[in-house]
Amino acid sequence: MGRRNDRLLFLKRAEREPSTRSLRIRGSFARYGAILGLLVMLAVFSGLRPSVFPTYRNALSVLNQISLLGIIAGGVTAVLVMGDFDLSIGAHATFAGLLVAGLFPIMHPALAIGITLLCSLAIGLINGFMVAVLRISAFVGTLAMSTILTGLAYWYTKGATLFKGIPPKFIGLARGTFLSVPILVWLMAAVLLFLHILMNHTGVGRRMYAVGGNPEAARYSGISVPLQRVLGFVIAGICSSLTGILLVARLSSAQPRAGDGFLMDAFAAVFLGAATSRLGQFHIPGTLMGALIMGVALNGMTIVGVPFYFQYIFQGTILALAVAASGVLHKRAL
Amino acid sequence: MSSETRLEMTEISKRFSGTVALDAVDFDVRQGEIHALLGQNGAGKSTLIKILAGIYQPDLGRIRFEGRDTRIPSPHESHLLGMRFIHQELNLVPWFNVAENIALGEAYPRRLGLIDWRTLHRRAEEVLKRFQIDISPRAPIQGLSVGRQWLVAIARALYSEGTLLVMDEPTASLSKREVTDLLSFVSSLRQHGTSVIYVSHRLEEVLEVAQRVTVLRDGKRVTTCDACGLDVSALTQHMTGLRDAPQMDWSASAPAVESALQFDDVSVADRVHRVSFAVPRGQVVGLTGLIGAGKTELGSAAFGLIPHQGTIRVDDRSTKIGTPHAAIRNKLAFVPEERRRQGLVLDMSLRENMTLPYIRAFRRLATPLLDTRAERSMTRSMIEKLSIRAEGTEMQVRYLSGGNQQKVVLGRWLYRKHAAMILDEPTRGIDVGARQEIFRLVRGLARDGVGILYISSDIEEIMKVADRILILRHGRLVGDLPREETTTQEVLEYCYGQKER
């Protein structure tokens, strides 16, 4: 410690920071690019299918489609804010779905959901412990967790789909509406609102952003950095679990790998969201925006009749573009 | 051994946003000469070296190398000219052997597209033999002592025909025996016509090895003279010079009664050894010493950043402080040395940085929600109190100047009254005006009864603010002097081990 200033910083750390002006220009491009993309998509799809796409019903349907994505992406946001990474969210959602579906036939539904959420809390704690305390790289640690969860899921189900004993009332959750808006949309709104308030209007959230911005300075300000990071993984875990559980309601069954696809979509949504912010920062409104863009694109492509394999190509491209756009602004290497 | 000039720098000037780092400095190195470059921290040594390395461009001045006018736009160009730099950290790959490390950075010899190991080892052996270094080219770096690693680093630097070698504090981490070996080796380089710029804080060493000495102070060259005939006290005189006595308000220095921060037999790993002293309420205690003497470690230990043995007490309470959080709760504040890395979240606003340590205090009554308005008014009052030049409370701290950033790091601790504060190099890299403001602020805090431990390697600065001056040398407390009864010269002599209590 302590000598850096007087050292000869040869070759490597020539003090170069990108000029703020070029950052700003590229920043505003990235920022408006995502929003512009959304507007263009809305215009194109409305033009192609004026009777189906731009309707209130279809808007609700898009929201309904992205509701689970929104919840899990909200969780990922909490981890990314602190400069961490969680690759286990997809497998985690799958695992939670299978667990809850397996527990439904043998106990009260509320108890089954409670136990599943508790398990997810533990998984989040383990992820956080690996990364923040044992200092395993987040990438490797959560990839390992993802693989373990997939293994557990297959062991538990022997590869079969679970559909017995799922309470009809629970399945109704995915079909029902409240004030003519789907219940799942309400749930997403509640989760995202909660996370937004937590992250932007409480001390916990301020500490999270401080840890993400400069963990060293956070530590010198009396913040327990490991504790904050563990909290991020716990939030991601709980959100993954909620998504997995609600997916069971939507599909009336639980299948191995059912939740795996959320990994890609969630990251794409969160990075798209970061690209819409001024500083390339991850934040909940941005994440919702990102999820919306993903939802509109997929919904529109389905309505227009784009083949499903093209949708994969689109998702991959969007993820890469979104990371690039937000990475322009974000100094952290992810 | 000709006395032809290898490097000639004429009237080199360099400013950094308002501060003058180098002011028309002349510097030259002859062929086969070992030229020591001396000066206190901030004197401009590093800037001069970085200009040679091609990292900085001088604003004014000429550089001639081997008799030709030269520009050094990049590190690559500097390397092509034949300048070699050995960093304190050596940058050797520990799990490679000596030969692989020596050839690292140059093109490895190849045969049929594959690395030609035999040639590689042979060449390395030649280099080692030429400089009479008795190390096997196949020995792994990991197994060598630090002193021998230095020899390898030098061999690597000279492997590819370097003619000017720049060494930064080569003996900082060496044992006595290794120092002797290294010095005799460096002396032997002269026979090969290699020129050496030798940067060190160890003056005896410098006098032993160098032919000429250049002393910088405040970005100006004080003198360049032959090393023989000089002694350590003459050098320290050159390094400190004589400056005007400071105008400071000493009136309210409280008599030392209650201790705000007390160290009893404190040791930190192998950096600090059994140090005991107390910082009384209402006093500024300066802590100085050379780089690596253990100053920062002592401060960090008190703030719970690194583990320590012994007891550190804040305000006579004997609670054990193991984390910064506990330290803050015990009313101890800490202003770290590197404000951008350790003090600030650059992407956050002035307001968010100000309130970070006590964000819990800014909650709305009985809710977990933050009261941004209260945060703003606190920040506004700090901006006013410290005259921070900023565009409002929501400005990102990234865009503040160094001095104003430092005021933010300091100012955040003024919101609550602390029993004790530790300031680690609080004026580093900021201009004279801001420096004066910080001195006044520190004296003001002491007047209000805060005990302040002021860490700085700039002795004159310490002489300006501290009531008492403690000197650390190799992790031990070697001096404790009241300000009125000492001089910069004397403190420096303690730092360099000329005197000991």
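This is a short tour of a predicted model, with stops in chain A and then in chain B.

**Chain A as a whole**

Start by selecting chain A and colouring by secondary structure: you should find 13 helices and two strands. Of its 334 residues, 51% are buried. Switch on the surface, and about 15,100 Å² is exposed, with carbon and sulfur atoms supplying 71% of that area. Now think about how the chain folds back on itself: among contacts between residues at least 6 apart in sequence, 77% join residues at least 24 apart.

**A helix pair in chain A**

Next, select residues 183-201 and 225-251 of chain A, which are helices H7 and H10. Their axes lie 12 Å apart and make an angle of about 175°. Angles over 145 degrees count as roughly antiparallel, so that is the description for H7(A) and H10(A). Show side chains at the contact. From H7(A), look for A:Leu184, A:Leu187, A:Val191, A:Leu195 and A:Leu198. Facing them from H10(A) are A:Ile235, A:Cys239, A:Leu242, A:Leu246 and A:Arg250. By class, this contact has nine nonpolar residues, one charged residue and no polar ones.

**The four-stranded sheet of chain B**

Move to chain B and find the open, antiparallel sheet with strand order S2-S1-S4-S5. Which strands stand at the edges? They are S2 (19-30) and S5 (68-70); each has a single partner strand, so one side of each is left without a neighbour in the sheet. From one strand to the next, the twist averages 25°.

Zoom in on S1 (residues 5-16) and S4 (residues 60-65) of chain B, which run antiparallel and are joined by five bridges. Here B:Met9 stands opposite B:Ile63 in S4(B). Then add residues 45-52 of chain B: this is helix H1, lying across S1, S2 and S4 and running at about 120° to S1(B).

**The six-stranded sheet of chain B**

For the last stop, stay in chain B and pick out the open sheet ordered S17-S18-S19-S15-S20-S21, whose pairing is mixed. At its edges are S17 (332-335) and S21 (476-482), each pairing on one side only. Neighbouring strands are turned by 15° against each other on average, ignoring direction.

Select residues 284-288 and 451-455 of chain B to see S15 and S19, a parallel pair with four bridges. In this pair, B:Val284 is opposite B:Ile452 in S19(B). Finish with helix H17, residues 488-495 of chain B, which packs on the sheet and touches S15, S20 (468-473) and S21. The direction of H17(B) makes about 25° with that of S20(B).

Methods
Residues are numbered from 1 along each chain as its sequence is written. Chains are lettered from A and ligands numbered from 1 in the order in which they are written. This is a predicted model: local features need pLDDT of at least 70, side-chain atom pairs count only at pLDDT 80 or more; totals for chains, interfaces and linings use all residues. Side-chain values use heavy atoms; hydrogens and water are left out. Axes are lines fitted to C-alpha atoms, for helices over the stretch in contact, and angles run from 0 to 180 degrees between N-to-C directions. Angles under 35 degrees count as roughly parallel, over 145 as roughly antiparallel, 65 to 115 as roughly perpendicular and the rest as oblique. Contact means heavy atoms within 4.5 Å. Ala, Val, Leu, Ile, Met, Phe, Trp, Tyr, Cys and Pro count as nonpolar, Asp, Glu, Lys and Arg as charged, and the others, Gly among them, as polar. Buried means under 20% relative accessible area, exposed over 50%, partly exposed in between (1.4 Å probe, protein chains only). Accessible areas come from the Shrake-Rupley method with a 1.4 Å probe; for residues, only the protein chains shown count as cover. Two strands pair if DSSP finds at least two bridges between them.
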